[in-house]
Amino acid sequence: MGRIFNFSAGPATLPLEVLEQARAELLDWQGRGASVMEISHRSKAFVSMAAEAEADVRELLAIPEDYAVLFLQGGATQQFAQIPLNLSAPGQTVDHLITGQWSKKATAEARVLRQVNIVADGAARKYTDVPDRASWKLTPGAAYVHYCPNETIGGVEIHEVPEVGGVPLVADMSSTILSRPVEVRKFGLIYAGAQKNFGPAGLVLVIVRRDLLDRAPENVPTILRYSAQAREGSMLNTPATFSWYIAGLVFKWLKRQGGLSRMAEINGRKAEKLYRAIDDSGFYRNPVAPAYRSWMNVPFTLPSEELNAPFLKEAENAGLAELKGHRSVGGMRASIYNAMPEAGVDALISFMSDFAGRHG
Ligand SMILES: *Cc1c(COP(=O)(O)O)cnc(C)c1O
């Protein structure tokens, strides 16, 4: 069986070259007669691989020196708790923008720990749009402002970094990180689970401005403390070694592609042609306001629910997999992360056009 075009939202497709290299190195990594996941994370070889991965991601994202880069566990979801624990004290208010299901989940978890102010909520327009910046109600002196630049489920992306007046901006970039250059300097903290755009599950990248590391109140458990992880090179305990290694290979792959400006060019083009095919079809529909359409996750519906099953089945037969939309939204969703080749998007568009021709 050959490789399919895998449109899964996450865990998602990885670059073929990366998988091939991992396969080649699986039994014998760097001539050690063992795989990378069978050696000590304290070994010189692993520590040096880990440092190289960090250096590569720093280079890709142009991360300034005064930001720490952490390779943690627990997924993005654990960050929903770890962020309020570390960046705010009990009694402080944290600001949250809600633009879809992930920012809503982050808000619910923050509420367990802190007083949360909802800056704005896109519910009225069913999260197909983002409330105007002018309508946001920021708390003066909030510990930080949290938002989700790309809502993986609704396919809503905020393409400009919002201005929040000096309060640290915290961003859940799980499904958009490394898809384009980003001005790290504008953020207090960026976090992203690996399994959407740069590796296997089990790893979450946290990029945090160093002056925020000391904000954590005394009662934060050591294992959840950013400052402790930063001090120990994210090796307070055994890290997700294999995921870290694969992430490192993906970073090298991204550098070979020409870095993030090049990825932005390709990703922009992939998204643009898919949305155009949807809009021009008179058959498929994407509900998101054009200014907020995601480059990474493209939900679309068919004219009737009855067509969903045949669409998925025929797509699968054509080698186009994992197109079923999230259970809460229905319809379809094509996730077209970095590792989805443009040829995969072209094949999807051509299949969609053919399907619409036969069922329209
Ligand atoms: C997938 C996802 C999460 C959850 O990630 P886990 O690693 O499963 O905790 C959080 N936020 C966004 C934007 C996501 O896409």
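How far apart are the end C-alpha atoms of α8, and what span should its 23 residues have at 1.5 Å a residue? In this predicted model, the end C-alpha atoms of α8 are 33 Å apart, in agreement with the 33 Å that its 23 residues should span. Directly after α8 comes Gly282, whose phi is positive, near 65°.

The overall dimensions make a good starting point for the rest of the chain. The protein chain has 10 helices and 13 strands. For 360 residues, a compact globule would have a radius of gyration near 21 Å, and the value for the protein chain, 21 Å, agrees with this. The C-alpha trace spans about 65 × 60 × 30 Å along its principal axes. Of the 360 residues, 56% count as buried. Taking contacts between residues at least 6 apart in sequence, 66% join residues at least 24 apart.

Helix α4 (residues 101-113) passes the length check as well: its 13 residues should span 18 Å at 1.5 Å a residue, and its end C-alpha atoms are 19 Å apart, which agrees. Buried residues in α4 are Ser103, Ala106, Thr107 and Ala110. They cover an arc of only 100° around the axis, which puts them on the same side of α4. The spacing rule behind such a pattern is a familiar one: an α-helix has 3.6 residues a turn, so residues three or four places apart point the same way. The packing partners of the buried residues of α4 comprise one helix, α3 (75-87), together with the strands β3 (93-98), β4 (115-121), β5 (145-147), β6 (150-151) and β9 (189-193). Within the span of α4 there is also a charge over a ring, with Lys105 lying over the face of Trp102 at 4.7 Å from the ring centre. Elsewhere, Arg180 lies over the face of Trp295, at 3.9 Å from the ring centre.

Aromatic contacts come next. The count of aromatic pairs is 15. One of them is the edge-to-face pair of Trp29 and Tyr245, with 6.2 Å centre to centre and 80° between the planes. Trp29 belongs to the loop between α1 (16-25) and α2 (44-61) while Tyr245 belongs to helix α7, so this pair ties together parts that are 216 residues apart in sequence. Trp29 and Tyr245 are both buried. For Phe283 and Phe355, the ring centres are 6.3 Å apart and the planes stand at 70°, so this pair is edge-to-face. This pair, too, links distant parts of the chain: Phe283 sits in the loop between α8 (259-281) and β11 (297-300), Phe355 sits in helix α10 (residues 342-359), and their positions lie 72 residues apart in sequence. Phe283 is buried, with a relative accessible area of 9%, and Phe355 is buried at 0%. Both belong to one aromatic cluster, formed by Phe283, Tyr284, Phe300, Phe311, Phe351 and Phe355.

Several loops carry backbone features worth a look. In the loop between β1 (5-6) and α1 lies Pro11, and the peptide bond from Gly10 to Pro11 is cis, with omega near -10°. Tyr127, in the loop between β4 and β5, has a positive phi of about 55° although it is not a glycine. The relative accessible area of Tyr127 is 15%; because buried means under 20%, Tyr127 is classed as buried.

The loop between α6 (226-231) and α7 (241-257) holds Gly233 and also Ser234. What is the sign of phi at Ser234? It is positive, at about 60°, although Ser234 is not a glycine. The two residues can be set side by side in accessibility: Gly233 counts as partly exposed at 38% relative accessibility, whereas Ser234 counts as buried at 4%. Gly233 and Ala68 are 165 residues apart along the chain, yet their C-alpha atoms are separated by 9.4 Å.

Definitions and conventions
Residues numbered from 1 in each chain as written. Predicted model: local features only at pLDDT ≥ 70, side-chain atom pairs only at ≥ 80, totals over all residues. Heavy atoms only, no water. Helix = DSSP H or I, 4+ residues; strand = E, 2+ residues; numbered from the N terminus. Buried < 20%, exposed > 50% of the residue type's maximum accessible area, 1.4 Å probe, protein only. Expected span 1.5 Å × (residues − 1). Arc of directions from axis to C-beta. Contact = heavy atoms within 4.5 Å. Phe/Tyr/Trp six-rings, centres within 6.5 Å; stacked < 30°, edge-to-face > 60°. Lys NZ or Arg CZ within 6 Å of the ring centre and 35° of its normal. Rg over C-alpha atoms; globule rule 2.2 N^0.38 Å.
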